[in-house]
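Walk me through this fold, from its backbone oddities to its sheet, its core and its aromatic rings.

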Amino acid sequence: MFHARSAGGRWGRALRGLALALILPLAACASGATPGAMTVPLSADTMIAEGSGLRQAVATGTLGGGQETNPMWTSQVSNEAFASALRQSLGTHAMLAIQGGRFRLDATLGALRQPLMGASLEVTSTVAYRLTSVETGAVVFERTIEAAYTAPFSAAFAAVERLRLANEGSVRENIRRFLVALVAEEARNPQAFRAGTPIS
């Protein structure tokens with residue numbers, strides 16, 4: 001009986017040690033997404049023409065919907081980080097108004113769809129964008145965009161870090177799709193952007 005209890009105790013300690021070894025990589029403090037990692041670089045699909053009505057014409061209005069990160073829980077994207085990334089992306093693409101602005105951009109980041117666990121972590125973001133003419137109040141562009149991004153296991157050992165990378169990649173791809181759609185819409189109907197009239 002003594003030997004059985006000793007063996008059982010050794011097995012229990014070993015199992016607890018194994019569980020701890022598996023949990024520790026996941027227990028690192030979570031950090032929030034950073035604006036720089038969510039800023040969209042210039043590309044052929046997102047570049048505006050020289051005479052574009054969007055050039056230095058977009059002022060930002062209400063940019064929200066983000067969520068602060070609890071270090072003891074999961075990485076999130078804060079309002080400030082999302083707003084900063086969107087403004088930086090507009091600036092990179094020569095759309096951000098230096099002063100005033102003919103258009104107002106409002107954007108709301110919905111709740112991120114995040115996995116509970118996994119080796120490769122995929123996050124999906126949803127953002128509702130609305131571009132309004134400041135002069136007339138007419139909505140010239142409105143769309144809700146969904147985008148997913150997967151951070152592979154090789155991207156980071158700790159799951160909390162992979163989740164942050166997936167968050168950042170998802171929001172970056174979301175903003176990129178918005179810029180692509182906006183540039184394409186202006187190419188399709190440039191008069192709407194010059195005059196600030198609604199897009200039919």
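Gln-56 counts as partly exposed, because its relative accessibility is 45%. The model here is a predicted one. In it, Gln-56 sits in the loop between helix H2 (35-38) and E1. Its backbone stands out: phi is positive, about 50 degrees, although Gln-56 is not a glycine.

Ala-94 is another residue other than glycine with a positive phi, in this case near 60 degrees. The loop between H3 and E2 holds Ala-94. With 23% relative accessibility, Ala-94 counts as partly exposed. The cut-off for buried is under 20%.

Next comes the sheet. It is open, has 4 strands in the order E1-E2-E3-E4, and its pairing is mixed. Strand E1 (58-64) and strand E4 (139-151) each have a single partner strand, so one side of each is left without a neighbour in the sheet. On average, neighbouring strands are turned by 20 degrees against each other, direction ignored.

Take the E1 side. E1 and strand E2 (residues 103-109) run parallel and are joined by 5 bridges. Within this pairing, Leu-63 stands opposite Ala-107 in E2. Helix H3 (residues 79-92) packs on the sheet and touches E1, E2 and strand E3 (121-133). The direction of H3 makes about 160 degrees with that of E1.

Now cross to the E4 side. Here E3 and E4 run antiparallel, with 12 bridges between them. Thr-132 has Val-139 in E4 as its bridge partner. The hairpin of E3 and E4 has 5 residues between the strands. Gly-137 belongs to that loop, and its phi is positive, near 80 degrees. Is Gly-137 buried or partly exposed? It counts as partly exposed, because its relative accessibility is 45%. Gly-137 also comes within reach of a part of the chain 34 residues away: its C-alpha is 9.1 Å from that of Phe-103.

What lies inside? The largest nonpolar core has 41 residues. Those with the most contacts inside it are Leu-54, Leu-86, Met-95, Leu-131 and Phe-178. The elements that give two or more residues to this core are E1, H3, E2, E3, E4, helix H4 (159-188) and helix H5 (190-195). H4 gives the most, with 9 residues. There is a general background to this: in soluble globular proteins, nonpolar side chains tend to be buried together.

Leu-131 shows how the core draws on separate stretches of chain. Leaving aside its neighbours within four places in sequence, its contacts include Leu-54, Val-58, Phe-103 and Leu-105. Val-139, Val-140 and Phe-141 are also among them. So are Leu-182 and Phe-193. The list is not purely nonpolar, since Arg-104 is one of the contacts.

Helix H4 also holds Asn-167. Is Asn-167 buried or exposed? It counts as buried, because its relative accessibility is 0%. Not counting residues up to four places away in sequence, Asn-167 touches Ser-75, Gln-76, Val-77, Leu-112, Gln-114 and Val-123.

The aromatic rings come last. A pair of them is described by the distance of the centres and the angle of the planes. The whole structure has 3 aromatic pairs. In one of them, Tyr-129 and Phe-178 are stacked, at 4.2 Å centre to centre with 10 degrees between the planes. Tyr-129 is in strand E3 and Phe-178 in helix H4, 49 residues apart, and the pair links these distant parts of the chain. Both Tyr-129 and Phe-178 are buried.

Phe-178 has another ring partner. Phe-141 and Phe-178 form an edge-to-face pair, 5.8 Å centre to centre with 65 degrees between the planes. Phe-141 lies in strand E4 and Phe-178 in helix H4, so this pair ties together parts that are 37 residues apart in sequence. Phe-141 is buried, with a relative accessible area of 4%. For Phe-178 the relative accessibility is 1%. Ring pairs thus link Tyr-129, Phe-141 and Phe-178 into a cluster.

One more ring has a charged partner. The charged end of Arg-172 sits over the ring of Tyr-149, 5.6 Å from its centre.

Notes:
Residues numbered from 1 in each chain as written. Predicted model: local features only at pLDDT ≥ 70, side-chain atom pairs only at ≥ 80, totals over all residues. Heavy atoms only, no water. Pairing = 2+ DSSP bridges. Axes fitted to C-alpha atoms, helices over the stretch in contact; angles between N-to-C directions. Contact = heavy atoms within 4.5 Å. Core = buried A, V, L, I, M, F, W, Y, C linked by side-chain atoms within 4.5 Å. Buried < 20%, exposed > 50% of the residue type's maximum accessible area, 1.4 Å probe, protein only. Phe/Tyr/Trp six-rings, centres within 6.5 Å; stacked < 30°, edge-to-face > 60°. Lys NZ or Arg CZ within 6 Å of the ring centre and 35° of its normal.
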